[in-house]
Amino acid sequence: MGGDSNGSSAPCESSFVKMMPTIKFTKLFINGEFVDAISGKTFETIDPRTGEVITRIAEGDKEDVDVAVKAARAAFDHGPWPRMPGAERGRIMLKFADLIDEHAEELAKLDTIDAGKLFGFGKAVDIPQVAHMLRYYAGAADKIHGEVLKMSRELQGYTLLEPIGVVGHIIPWNFPSSLLFAKVAPTLAAGCTMVVKPAEQTPLSALYYAHLAKLAGVPDGVLNVITGFGKTAGAAVTHHMDIDKVSFTGSTEVGREVMQAAAKSNLKAVSLELGGKSPLLIFDDADVDKAADLALLGILYNKGEICVASSRVFVQEGIYDELVKKLQVKAKEWTVGDPFDPKVRQGPQVDKKQFEKILTYIEHGKREGATLLTGGKPVGNKGYYIEPTVFTDVKDDMLIAKDEIFGPVMSLMKFKTIEEGIERANNTKYGLAAGIVSKNIDVINTVSRSIRAGIIWINCYFAFDRDCPYGGYKMSGFGRDFGMQGLHKYLHTKSVVTPIYNSPWL
(Lines give C-alpha, C1' and ligand atoms only; values in the text may rest on other atoms or scores of the structure.)
Protein backbone atom coordinates (compact mmCIF):
# COMPACT_ATOMS: atom_id res chain seq x y z
CA MET A 1 0.00 0.00 0.00
CA GLY A 2 1.72 3.16 -1.16
CA GLY A 3 1.66 6.18 1.15
CA ASP A 4 1.91 9.83 0.11
CA SER A 5 3.44 12.82 1.86
CA ASN A 6 0.65 13.32 4.39
CA GLY A 7 0.47 9.74 5.60
CA SER A 8 -2.60 8.99 3.51
CA SER A 9 -2.67 5.87 1.37
CA ALA A 10 -4.49 4.66 -1.67
CA PRO A 11 -6.93 1.89 -0.74
CA CYS A 12 -5.70 -1.57 -1.74
CA GLU A 13 -8.00 -3.49 -4.10
CA SER A 14 -7.05 -6.98 -2.92
CA SER A 15 -8.19 -6.44 0.66
CA PHE A 16 -11.73 -5.63 -0.53
CA VAL A 17 -12.22 -9.19 -1.73
CA LYS A 18 -10.28 -10.94 1.00
CA MET A 19 -12.06 -9.34 3.95
CA MET A 20 -15.62 -9.12 2.62
CA PRO A 21 -18.02 -10.99 4.92
CA THR A 22 -20.90 -13.04 3.60
CA ILE A 23 -24.12 -11.03 3.95
CA LYS A 24 -26.59 -13.37 5.65
CA PHE A 25 -29.46 -11.11 6.71
CA THR A 26 -31.15 -8.51 4.50
CA LYS A 27 -34.82 -8.70 5.49
CA LEU A 28 -36.88 -7.05 8.22
CA PHE A 29 -36.95 -8.85 11.58
CA ILE A 30 -40.49 -8.92 12.99
CA ASN A 31 -41.87 -11.19 15.71
CA GLY A 32 -38.86 -13.49 15.60
CA GLU A 33 -38.80 -13.96 11.80
CA PHE A 34 -36.98 -12.40 8.86
CA VAL A 35 -39.59 -11.15 6.40
CA ASP A 36 -39.74 -9.07 3.24
CA ALA A 37 -41.17 -5.56 3.37
CA ILE A 38 -44.91 -5.56 2.67
CA SER A 39 -44.27 -3.35 -0.37
CA GLY A 40 -41.57 -5.72 -1.62
CA LYS A 41 -39.22 -2.74 -1.98
CA THR A 42 -35.49 -2.87 -1.25
CA PHE A 43 -32.69 -0.31 -1.14
CA GLU A 44 -28.94 -0.39 -1.66
CA THR A 45 -26.40 -0.31 1.14
CA ILE A 46 -23.06 1.08 -0.03
CA ASP A 47 -19.45 0.27 0.86
CA PRO A 48 -17.83 3.68 1.58
CA ARG A 49 -14.39 2.26 0.78
CA THR A 50 -15.34 1.96 -2.89
CA GLY A 51 -18.73 3.61 -3.37
CA GLU A 52 -20.00 0.25 -4.63
CA VAL A 53 -23.18 -1.61 -3.64
CA ILE A 54 -22.77 -4.28 -0.96
CA THR A 55 -26.28 -5.70 -1.20
CA ARG A 56 -29.96 -4.74 -1.22
CA ILE A 57 -31.90 -4.48 2.05
CA ALA A 58 -35.64 -4.71 2.68
CA GLU A 59 -37.13 -1.21 2.73
CA GLY A 60 -39.64 -1.05 5.56
CA ASP A 61 -42.15 1.76 5.84
CA LYS A 62 -45.28 2.66 7.83
CA GLU A 63 -47.11 -0.62 7.16
CA ASP A 64 -44.13 -2.67 8.33
CA VAL A 65 -43.71 -0.52 11.43
CA ASP A 66 -47.39 -1.13 12.24
CA VAL A 67 -46.85 -4.90 12.07
CA ALA A 68 -43.71 -4.66 14.21
CA VAL A 69 -45.44 -2.49 16.82
CA LYS A 70 -48.32 -4.96 17.04
CA ALA A 71 -45.82 -7.74 17.68
CA ALA A 72 -44.00 -5.67 20.29
CA ARG A 73 -47.30 -4.69 21.96
CA ALA A 74 -48.47 -8.30 22.14
CA ALA A 75 -45.10 -9.36 23.56
CA PHE A 76 -45.35 -6.63 26.19
CA ASP A 77 -49.02 -7.00 27.12
CA HIS A 78 -49.23 -10.79 27.02
CA GLY A 79 -45.74 -12.23 26.59
CA PRO A 80 -43.26 -13.60 29.13
CA TRP A 81 -40.50 -10.96 28.88
CA PRO A 82 -41.87 -8.29 31.28
CA ARG A 83 -43.26 -10.98 33.59
CA MET A 84 -40.26 -13.23 34.03
CA PRO A 85 -37.96 -12.67 37.02
CA GLY A 86 -35.23 -10.12 36.32
CA ALA A 87 -32.62 -12.81 36.90
CA GLU A 88 -34.09 -14.85 34.04
CA ARG A 89 -34.00 -11.85 31.69
CA GLY A 90 -30.42 -11.35 32.80
CA ARG A 91 -29.54 -14.97 32.01
CA ILE A 92 -30.83 -14.61 28.45
CA MET A 93 -28.95 -11.32 28.05
CA LEU A 94 -25.73 -13.02 29.19
CA LYS A 95 -26.27 -15.70 26.55
CA PHE A 96 -26.83 -12.94 23.97
CA ALA A 97 -23.52 -11.35 25.03
CA ASP A 98 -21.67 -14.65 24.67
CA LEU A 99 -23.03 -15.11 21.16
CA ILE A 100 -21.85 -11.61 20.21
CA ASP A 101 -18.35 -12.48 21.44
CA GLU A 102 -18.42 -15.66 19.35
CA HIS A 103 -19.33 -13.66 16.22
CA ALA A 104 -17.22 -10.56 16.96
CA GLU A 105 -15.08 -10.78 13.83
CA GLU A 106 -18.05 -11.09 11.48
CA LEU A 107 -19.91 -8.25 13.22
CA ALA A 108 -16.83 -6.00 13.07
CA LYS A 109 -16.50 -6.72 9.34
CA LEU A 110 -20.12 -5.71 8.76
CA ASP A 111 -19.58 -2.34 10.47
CA THR A 112 -16.37 -1.85 8.48
CA ILE A 113 -17.92 -2.40 5.06
CA ASP A 114 -21.13 -0.53 5.96
CA ALA A 115 -19.76 2.42 7.97
CA GLY A 116 -16.05 2.56 7.09
CA LYS A 117 -15.05 1.82 10.69
CA LEU A 118 -11.60 0.46 11.53
CA PHE A 119 -11.84 -3.33 11.54
CA GLY A 120 -9.09 -3.97 14.09
CA PHE A 121 -10.59 -1.52 16.56
CA GLY A 122 -14.08 -2.87 16.01
CA LYS A 123 -13.02 -6.45 16.64
CA ALA A 124 -10.87 -5.60 19.68
CA VAL A 125 -12.96 -2.82 21.26
CA ASP A 126 -16.36 -1.89 19.80
CA ILE A 127 -17.91 -5.36 19.54
CA PRO A 128 -16.52 -6.67 22.89
CA GLN A 129 -17.85 -3.50 24.56
CA VAL A 130 -21.30 -4.24 23.12
CA ALA A 131 -21.18 -7.63 24.85
CA HIS A 132 -20.01 -6.00 28.09
CA MET A 133 -22.87 -3.49 27.86
CA LEU A 134 -25.32 -6.39 27.75
CA ARG A 135 -23.62 -8.01 30.75
CA TYR A 136 -23.69 -4.75 32.71
CA TYR A 137 -27.44 -4.34 32.30
CA ALA A 138 -28.04 -8.08 32.72
CA GLY A 139 -26.63 -7.61 36.21
CA ALA A 140 -29.10 -4.80 36.84
CA ALA A 141 -32.17 -6.69 35.61
CA ASP A 142 -32.93 -8.27 39.01
CA LYS A 143 -32.14 -5.11 41.00
CA ILE A 144 -34.97 -2.91 39.75
CA HIS A 145 -36.96 -1.84 42.78
CA GLY A 146 -38.76 1.12 44.25
CA GLU A 147 -38.63 2.39 47.80
CA VAL A 148 -40.75 2.52 50.94
CA LEU A 149 -41.89 6.08 51.62
CA LYS A 150 -42.00 7.91 54.95
CA MET A 151 -45.45 9.51 54.67
CA SER A 152 -46.41 12.52 56.75
CA ARG A 153 -49.72 11.10 57.99
CA GLU A 154 -51.50 7.77 58.52
CA LEU A 155 -50.65 6.31 55.14
CA GLN A 156 -48.42 3.49 53.96
CA GLY A 157 -46.65 4.32 50.68
CA TYR A 158 -44.17 2.71 48.38
CA THR A 159 -43.05 3.03 44.76
CA LEU A 160 -42.78 0.48 41.98
CA LEU A 161 -40.50 0.78 38.93
CA GLU A 162 -42.38 -0.68 35.98
CA PRO A 163 -41.28 -1.10 32.33
CA ILE A 164 -42.43 1.82 30.22
CA GLY A 165 -43.86 -0.42 27.48
CA VAL A 166 -43.08 -0.50 23.76
CA VAL A 167 -39.99 1.55 22.87
CA GLY A 168 -38.96 2.89 19.47
CA HIS A 169 -35.19 3.17 18.99
CA ILE A 170 -33.73 5.20 16.12
CA ILE A 171 -30.02 4.47 15.72
CA PRO A 172 -27.39 6.65 13.97
CA TRP A 173 -24.86 5.44 11.40
CA ASN A 174 -21.61 6.45 13.08
CA PHE A 175 -21.62 3.73 15.78
CA PRO A 176 -24.05 1.10 14.46
CA SER A 177 -23.22 -1.43 17.19
CA SER A 178 -22.23 0.64 20.24
CA LEU A 179 -25.16 3.05 20.11
CA LEU A 180 -27.60 0.26 19.27
CA PHE A 181 -26.75 -1.51 22.52
CA ALA A 182 -26.60 1.67 24.58
CA LYS A 183 -30.37 1.58 23.96
CA VAL A 184 -31.22 -2.09 23.48
CA ALA A 185 -29.38 -3.44 26.56
CA PRO A 186 -31.15 -1.31 29.22
CA THR A 187 -34.47 -1.70 27.39
CA LEU A 188 -34.15 -5.48 27.62
CA ALA A 189 -33.16 -5.31 31.30
CA ALA A 190 -36.16 -3.10 32.09
CA GLY A 191 -38.56 -5.67 30.62
CA CYS A 192 -39.67 -3.52 27.70
CA THR A 193 -40.21 -4.57 24.10
CA MET A 194 -38.99 -2.56 21.14
CA VAL A 195 -38.92 -1.64 17.47
CA VAL A 196 -35.44 -0.66 16.26
CA LYS A 197 -34.88 1.50 13.16
CA PRO A 198 -31.17 1.41 12.27
CA ALA A 199 -29.73 4.11 10.01
CA GLU A 200 -30.33 3.41 6.34
CA GLN A 201 -26.57 3.77 5.74
CA THR A 202 -25.66 0.98 8.21
CA PRO A 203 -28.38 -1.71 8.51
CA LEU A 204 -26.25 -4.85 8.29
CA SER A 205 -25.07 -5.43 11.86
CA ALA A 206 -28.47 -4.62 13.43
CA LEU A 207 -30.06 -7.48 11.47
CA TYR A 208 -27.27 -9.84 12.53
CA TYR A 209 -27.81 -8.86 16.19
CA ALA A 210 -31.53 -9.63 15.80
CA HIS A 211 -30.61 -13.14 14.65
CA LEU A 212 -28.32 -13.61 17.67
CA ALA A 213 -31.03 -12.34 20.04
CA LYS A 214 -33.35 -15.07 18.81
CA LEU A 215 -30.63 -17.70 19.27
CA ALA A 216 -30.07 -16.43 22.81
CA GLY A 217 -33.72 -16.98 23.73
CA VAL A 218 -35.12 -13.46 23.58
CA PRO A 219 -38.85 -14.15 23.03
CA ASP A 220 -40.47 -13.34 19.70
CA GLY A 221 -41.77 -9.78 19.45
CA VAL A 222 -39.41 -8.36 22.08
CA LEU A 223 -36.80 -7.11 19.59
CA ASN A 224 -37.97 -6.10 16.11
CA VAL A 225 -35.77 -4.44 13.46
CA ILE A 226 -37.20 -2.35 10.64
CA THR A 227 -34.64 -1.26 8.06
CA GLY A 228 -35.58 1.68 5.87
CA PHE A 229 -35.40 5.44 5.61
CA GLY A 230 -35.86 8.09 8.27
CA LYS A 231 -38.56 9.99 6.37
CA THR A 232 -40.76 6.86 6.15
CA ALA A 233 -39.87 4.13 8.66
CA GLY A 234 -38.34 6.51 11.21
CA ALA A 235 -41.27 8.91 10.98
CA ALA A 236 -43.71 6.02 11.41
CA VAL A 237 -41.97 5.08 14.66
CA THR A 238 -42.04 8.62 16.08
CA HIS A 239 -45.69 9.22 15.10
CA HIS A 240 -46.99 5.81 16.19
CA MET A 241 -49.88 5.92 18.65
CA ASP A 242 -48.95 2.63 20.29
CA ILE A 243 -45.26 3.31 20.99
CA ASP A 244 -44.76 4.50 24.57
CA LYS A 245 -41.29 6.01 24.25
CA VAL A 246 -38.83 7.01 21.53
CA SER A 247 -35.09 7.13 22.05
CA PHE A 248 -33.25 8.93 19.25
CA THR A 249 -29.57 9.58 18.59
CA GLY A 250 -28.75 11.80 15.62
CA SER A 251 -28.84 15.38 14.43
CA THR A 252 -30.45 18.26 16.29
CA GLU A 253 -32.61 19.01 13.23
CA VAL A 254 -34.15 15.54 13.20
CA GLY A 255 -34.38 15.62 17.01
CA ARG A 256 -36.80 18.53 16.66
CA GLU A 257 -38.93 16.46 14.30
CA VAL A 258 -38.95 13.56 16.77
CA MET A 259 -40.23 15.82 19.54
CA GLN A 260 -42.88 17.33 17.29
CA ALA A 261 -44.06 13.87 16.25
CA ALA A 262 -44.27 12.75 19.87
CA ALA A 263 -46.32 15.83 20.73
CA LYS A 264 -48.66 15.44 17.78
CA SER A 265 -49.29 11.73 18.38
CA ASN A 266 -49.68 10.26 21.87
CA LEU A 267 -47.29 12.51 23.85
CA LYS A 268 -44.87 9.58 24.09
CA ALA A 269 -41.81 10.03 26.26
CA VAL A 270 -38.71 11.13 24.35
CA SER A 271 -34.99 11.02 24.99
CA LEU A 272 -32.57 12.69 22.57
CA GLU A 273 -28.81 12.53 22.13
CA LEU A 274 -28.08 15.11 19.47
CA GLY A 275 -25.30 17.15 17.91
CA GLY A 276 -22.25 18.74 19.43
CA LYS A 277 -19.49 21.27 18.82
CA SER A 278 -17.35 20.27 21.74
CA PRO A 279 -14.50 22.46 23.01
CA LEU A 280 -11.08 21.22 24.09
CA LEU A 281 -9.29 23.78 26.27
CA ILE A 282 -5.50 23.41 26.45
CA PHE A 283 -3.83 25.54 29.10
CA ASP A 284 -0.26 26.89 29.23
CA ASP A 285 0.89 24.31 31.78
CA ALA A 286 -0.04 21.34 29.57
CA ASP A 287 2.46 18.86 28.17
CA VAL A 288 2.38 20.14 24.58
CA ASP A 289 3.20 16.82 22.94
CA LYS A 290 0.47 14.96 24.83
CA ALA A 291 -1.96 17.83 24.27
CA ALA A 292 -1.36 17.66 20.51
CA ASP A 293 -2.00 13.91 20.52
CA LEU A 294 -5.21 14.40 22.50
CA ALA A 295 -6.41 17.20 20.21
CA LEU A 296 -5.86 15.06 17.12
CA LEU A 297 -7.50 12.01 18.64
CA GLY A 298 -10.46 14.18 19.68
CA ILE A 299 -11.21 15.20 16.11
CA LEU A 300 -9.87 12.31 14.00
CA TYR A 301 -11.14 9.28 15.93
CA ASN A 302 -13.82 7.52 13.85
CA LYS A 303 -12.90 9.99 11.04
CA GLY A 304 -14.55 12.80 13.02
CA GLU A 305 -17.95 11.12 12.74
CA ILE A 306 -18.67 11.31 16.45
CA CYS A 307 -21.02 13.73 18.19
CA VAL A 308 -18.52 14.55 20.96
CA ALA A 309 -15.59 15.29 18.60
CA SER A 310 -13.38 18.09 19.97
CA SER A 311 -13.88 20.17 16.85
CA ARG A 312 -13.11 23.49 18.59
CA VAL A 313 -9.62 23.46 20.13
CA PHE A 314 -8.81 26.50 22.29
CA VAL A 315 -5.11 26.87 23.13
CA GLN A 316 -3.75 29.35 25.66
CA GLU A 317 -1.43 31.84 23.99
CA GLY A 318 1.74 30.77 25.84
CA ILE A 319 1.94 27.41 24.04
CA TYR A 320 -0.14 28.13 20.95
CA ASP A 321 2.70 28.44 18.42
CA GLU A 322 4.46 25.31 19.69
CA LEU A 323 1.21 23.31 19.58
CA VAL A 324 0.49 24.46 16.02
CA LYS A 325 3.86 23.12 14.86
CA LYS A 326 3.29 19.76 16.55
CA LEU A 327 -0.21 19.43 15.12
CA GLN A 328 1.05 20.13 11.63
CA VAL A 329 3.60 17.32 11.87
CA LYS A 330 1.36 14.82 13.66
CA ALA A 331 -1.64 15.36 11.36
CA LYS A 332 0.49 14.51 8.33
CA GLU A 333 1.57 11.26 9.99
CA TRP A 334 -2.05 10.17 10.54
CA THR A 335 -2.64 7.34 8.05
CA VAL A 336 -5.83 7.37 5.95
CA GLY A 337 -6.85 4.33 3.95
CA ASP A 338 -8.57 0.95 3.85
CA PRO A 339 -10.03 0.34 7.33
CA PHE A 340 -9.11 -3.36 7.10
CA ASP A 341 -5.42 -2.36 7.05
CA PRO A 342 -4.10 -2.53 10.66
CA LYS A 343 -1.70 0.39 9.98
CA VAL A 344 -4.52 2.73 8.99
CA ARG A 345 -5.96 5.10 11.61
CA GLN A 346 -8.76 6.70 9.57
CA GLY A 347 -11.14 5.03 7.14
CA PRO A 348 -13.65 6.56 4.70
CA GLN A 349 -16.52 8.84 5.62
CA VAL A 350 -19.81 6.95 5.80
CA ASP A 351 -21.24 7.91 2.41
CA LYS A 352 -21.00 10.30 -0.52
CA LYS A 353 -23.40 12.80 1.03
CA GLN A 354 -21.33 13.12 4.20
CA PHE A 355 -18.09 13.20 2.18
CA GLU A 356 -19.36 16.10 0.07
CA LYS A 357 -20.76 17.94 3.10
CA ILE A 358 -17.37 17.87 4.84
CA LEU A 359 -15.54 19.11 1.72
CA THR A 360 -18.09 21.93 1.40
CA TYR A 361 -17.37 23.03 4.98
CA ILE A 362 -13.63 22.98 4.25
CA GLU A 363 -14.27 25.36 1.34
CA HIS A 364 -16.38 27.57 3.66
CA GLY A 365 -13.44 27.76 6.07
CA LYS A 366 -11.10 28.90 3.32
CA ARG A 367 -13.56 31.50 2.02
CA GLU A 368 -14.22 32.92 5.47
CA GLY A 369 -10.53 33.59 6.01
CA ALA A 370 -9.34 30.70 8.16
CA THR A 371 -5.84 29.39 7.42
CA LEU A 372 -5.61 25.79 6.21
CA LEU A 373 -2.69 24.42 8.23
CA THR A 374 -2.85 20.92 6.80
CA GLY A 375 -5.14 18.59 4.86
CA GLY A 376 -8.36 19.73 3.24
CA LYS A 377 -8.46 17.38 0.24
CA PRO A 378 -9.94 14.00 -0.70
CA VAL A 379 -7.64 10.97 -0.65
CA GLY A 380 -7.49 8.64 -3.65
CA ASN A 381 -9.95 8.43 -6.54
CA LYS A 382 -12.27 5.77 -5.12
CA GLY A 383 -14.29 5.80 -1.90
CA TYR A 384 -14.97 8.64 0.51
CA TYR A 385 -11.60 9.39 2.12
CA ILE A 386 -10.61 12.87 3.39
CA GLU A 387 -7.27 14.12 4.71
CA PRO A 388 -7.04 15.11 8.40
CA THR A 389 -7.74 18.84 8.24
CA VAL A 390 -6.65 21.59 10.65
CA PHE A 391 -7.62 25.26 10.36
CA THR A 392 -5.90 28.06 12.28
CA ASP A 393 -6.92 31.73 12.57
CA VAL A 394 -10.51 30.60 13.13
CA LYS A 395 -13.02 33.15 14.46
CA ASP A 396 -15.92 32.12 16.71
CA ASP A 397 -18.51 33.35 14.20
CA MET A 398 -17.20 31.30 11.26
CA LEU A 399 -19.37 28.43 10.03
CA ILE A 400 -16.60 25.90 10.69
CA ALA A 401 -16.56 27.03 14.34
CA LYS A 402 -20.35 27.00 14.77
CA ASP A 403 -21.76 24.09 12.78
CA GLU A 404 -21.34 20.42 13.51
CA ILE A 405 -19.30 19.21 10.52
CA PHE A 406 -19.08 15.55 11.59
CA GLY A 407 -15.77 14.98 9.88
CA PRO A 408 -11.98 15.23 10.38
CA VAL A 409 -11.90 19.04 10.54
CA MET A 410 -10.37 20.90 13.52
CA SER A 411 -10.82 24.61 14.25
CA LEU A 412 -7.81 25.86 16.23
CA MET A 413 -8.18 29.08 18.27
CA LYS A 414 -6.06 31.06 20.73
CA PHE A 415 -7.20 32.45 24.10
CA LYS A 416 -5.57 34.46 26.92
CA THR A 417 -7.37 34.04 30.24
CA ILE A 418 -9.37 31.28 31.92
CA GLU A 419 -12.43 33.54 31.82
CA GLU A 420 -12.09 34.06 28.07
CA GLY A 421 -11.64 30.32 27.51
CA ILE A 422 -14.79 29.49 29.48
CA GLU A 423 -16.85 32.17 27.74
CA ARG A 424 -15.83 31.06 24.26
CA ALA A 425 -16.20 27.36 25.06
CA ASN A 426 -19.80 28.05 26.13
CA ASN A 427 -20.50 30.20 23.06
CA THR A 428 -22.37 27.44 21.23
CA LYS A 429 -25.92 26.15 20.98
CA TYR A 430 -24.60 22.69 21.85
CA GLY A 431 -23.55 21.19 25.17
CA LEU A 432 -22.59 17.56 24.76
CA ALA A 433 -18.95 17.26 25.89
CA ALA A 434 -15.77 19.18 26.62
CA GLY A 435 -12.13 18.48 27.37
CA ILE A 436 -9.62 20.20 29.64
CA VAL A 437 -5.84 19.76 29.46
CA SER A 438 -4.04 21.19 32.50
CA LYS A 439 -2.01 20.16 35.55
CA ASN A 440 -3.56 22.86 37.77
CA ILE A 441 -6.35 21.43 39.94
CA ASP A 442 -7.81 24.90 40.57
CA VAL A 443 -8.08 25.58 36.84
CA ILE A 444 -9.56 22.12 36.29
CA ASN A 445 -12.17 22.59 39.03
CA THR A 446 -13.18 26.06 37.86
CA VAL A 447 -13.44 25.20 34.19
CA SER A 448 -15.16 21.82 34.62
CA ARG A 449 -17.87 23.45 36.74
CA SER A 450 -18.27 26.40 34.38
CA ILE A 451 -18.72 24.64 31.04
CA ARG A 452 -22.32 23.82 30.17
CA ALA A 453 -21.93 20.28 28.85
CA GLY A 454 -23.03 16.81 29.83
CA ILE A 455 -19.59 15.22 30.19
CA ILE A 456 -16.19 16.82 30.87
CA TRP A 457 -12.97 14.90 30.21
CA ILE A 458 -9.88 16.05 32.10
CA ASN A 459 -6.49 15.18 30.58
CA CYS A 460 -8.22 12.50 28.49
CA TYR A 461 -10.86 12.32 25.78
CA PHE A 462 -13.55 9.83 24.74
CA ALA A 463 -13.34 8.35 28.25
CA PHE A 464 -16.69 6.60 27.97
CA ASP A 465 -17.70 3.86 30.37
CA ARG A 466 -20.90 1.86 30.68
CA ASP A 467 -21.25 3.03 34.32
CA CYS A 468 -20.82 6.74 33.48
CA PRO A 469 -24.01 8.61 32.43
CA TYR A 470 -23.70 10.41 29.11
CA GLY A 471 -25.94 13.00 27.44
CA GLY A 472 -26.33 16.65 26.57
CA TYR A 473 -27.16 20.15 27.73
CA LYS A 474 -28.86 22.78 25.57
CA MET A 475 -29.50 21.70 21.96
CA SER A 476 -27.46 18.52 22.40
CA GLY A 477 -30.58 16.88 23.83
CA PHE A 478 -31.76 15.40 27.11
CA GLY A 479 -31.88 12.05 28.82
CA ARG A 480 -28.84 9.95 29.67
CA ASP A 481 -27.38 6.77 28.23
CA PHE A 482 -25.18 4.42 30.30
CA GLY A 483 -25.23 3.81 34.03
CA MET A 484 -28.40 3.38 36.04
CA GLN A 485 -29.81 6.57 34.49
CA GLY A 486 -29.71 4.76 31.17
CA LEU A 487 -31.91 2.03 32.67
CA HIS A 488 -34.34 4.27 34.54
CA LYS A 489 -35.43 6.13 31.43
CA TYR A 490 -37.14 2.91 30.32
CA LEU A 491 -39.03 2.62 33.62
CA HIS A 492 -42.11 4.36 35.02
CA THR A 493 -42.37 5.21 38.71
CA LYS A 494 -45.71 4.18 40.20
CA SER A 495 -46.69 5.23 43.73
CA VAL A 496 -48.93 2.92 45.76
CA VAL A 497 -50.66 4.31 48.87
CA THR A 498 -52.96 2.67 51.42
CA PRO A 499 -54.36 3.99 54.73
CA ILE A 500 -53.00 2.60 58.00
CA TYR A 501 -55.11 2.43 61.15
CA ASN A 502 -54.14 2.28 64.80
CA SER A 503 -50.45 2.13 64.01
CA PRO A 504 -48.18 2.89 66.98
CA TRP A 505 -46.14 5.17 64.68
CA LEU A 506 -46.24 6.70 61.24
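**Exercise 1. The sheet of β5, β6 and β24**

Task: State how many strands form the open sheet that contains β5, and identify its edge strands.

Solution. In this predicted model, 3 strands form an open sheet in the order β5-β6-β24, with antiparallel pairing. The edge strands are β5 and β24 (491-499), since each of them pairs on one side only. The contact between β5 and strand β6 (residues 155-163) is antiparallel and runs over 2 bridges. Within this contact, Leu149 has Gly157 in β6 as its bridge partner.

The next step is to examine the surface at Val148. This residue belongs to strand β5 (residues 148-149). Its relative accessibility is 64%, and exposed means over 50%, so Val148 counts as exposed. Together with Tyr158 and Leu160, Val148 forms a nonpolar patch on the surface, and the three have about 260 Å² of accessible area together.

**Exercise 2. The hairpin of β3 and β4**

Task: Determine which side chains of strand β3 are buried and which are not, then describe how β3 pairs with β4.

Solution. Begin with the general rule: in a regular strand, side chains alternate between the two faces of the sheet. Strand β3 (residues 42-47) shows this alternation. Phe43, Thr45 and Asp47 point to one face and are buried. Thr42, Glu44 and Ile46 point to the other face and are not buried.

Turn next to the partner strand. β3 pairs with strand β4 (residues 52-58) in the antiparallel sense over 6 bridges. Glu44 has Arg56 in β4 as its bridge partner. The hairpin has 4 residues between the strands, and Gly51 takes a positive phi near 80 degrees.

**Exercise 3. A largely enclosed strand**

Task: Explain why strand β11 is described as largely enclosed by the rest of the structure, and name the residue that stands opposite Glu273.

Solution. Strand β11 covers residues 269-273, and 4 of its 5 residues are buried; it is therefore largely enclosed by the rest of the structure. Its pairing with strand β10 (residues 245-249) is parallel, over 5 bridges. In this pairing, Thr249 stands opposite Glu273 in β11.

**Exercise 4. The second largest pocket and the largest cavity**

Task: Establish which helix supplies the largest share of the lining of the second largest pocket, and locate Phe175 in the chain.

Solution. The second largest pocket holds about 520 Å³ of space. Its lining consists of 24 residues, and those nearest its centre are Gln129, Phe175, Ser178, Phe464 and Phe482. Both α5 (119-140) and α6 (178-190) supply at least two lining residues each. The largest share, 6 residues, comes from α5.

Phe175 lies in the loop between β7 (166-170) and α6. With a relative accessible area of 8%, Phe175 is buried. Phe175 and Lys382 are 207 residues apart in sequence, and their C-alpha atoms are 23 Å apart in space.

The enclosed spaces are treated in the same exercise. The structure holds 8 cavities of 30 Å³ or more. About 70 Å³ of space lies in the largest cavity. That cavity is lined by 13 residues, of which Ala309, Ser311, Glu404, Ile405 and Phe406 lie nearest its centre.

**Exercise 5. Salt bridges**

Task: Among the 33 salt bridges of the structure, explain why the pair Glu106 and Lys24 ties together parts distant in sequence, and describe the pairs Lys62 with Asp66 and Lys109 with Glu105.

Solution. The closest N and O atoms of Glu106 and Lys24 are 3.0 Å apart. Glu106 lies in helix α4 (residues 104-115), whereas Lys24 lies in the loop between α1 (13-19) and β1 (28-30), so the pair ties together parts that are 82 residues apart in sequence. Lys24 counts as partly exposed, at 47% relative accessibility.

In the pair Lys62 and Asp66, the closest N and O atoms are 3.4 Å apart. These residues are 4 residues apart in helix α2 (residues 62-77) and are therefore separated by about one helical turn. Asp66 is partly exposed, with a relative accessible area of 24%.

In the pair Lys109 and Glu105, the corresponding distance is 3.7 Å. Lys109 and Glu105 are 4 residues apart in helix α4, so about one helical turn separates them. Lys109 counts as buried at 15% relative accessibility, while Glu105 counts as partly exposed at 35%. Elsewhere, salt bridges that share partners join Arg73, Asp77, Asp242 and Asp244 into one network.

Technical notes. Residues are numbered from 1 along each chain as its sequence is written. Side-chain values use heavy atoms; hydrogens and water are left out. Patches are made of residues with over 30% relative accessible area and no salt bridge: like charges are joined within 9 Å, nonpolar side chains (Val, Leu, Ile, Met, Phe, Trp, Tyr) within 5 Å. Accessible areas come from the Shrake-Rupley method with a 1.4 Å probe; for residues, only the protein chains shown count as cover. A salt bridge is a side-chain nitrogen of Lys or Arg within 4 Å of a carboxyl oxygen of Asp or Glu. Buried means under 20% relative accessible area, exposed over 50%, partly exposed in between (1.4 Å probe, protein chains only). Two strands pair if DSSP finds at least two bridges between them. On a 1 Å grid over the protein atoms alone, a cavity is a set of points where a 1.4 Å probe fits but cannot get out, and a pocket is an open set with protein on both sides within 12 Å along at least five of seven lines; lining residues have an atom within 4 Å of a point. Grid points are joined across faces, edges and corners, and a volume is the space filled by probe spheres set on the points.
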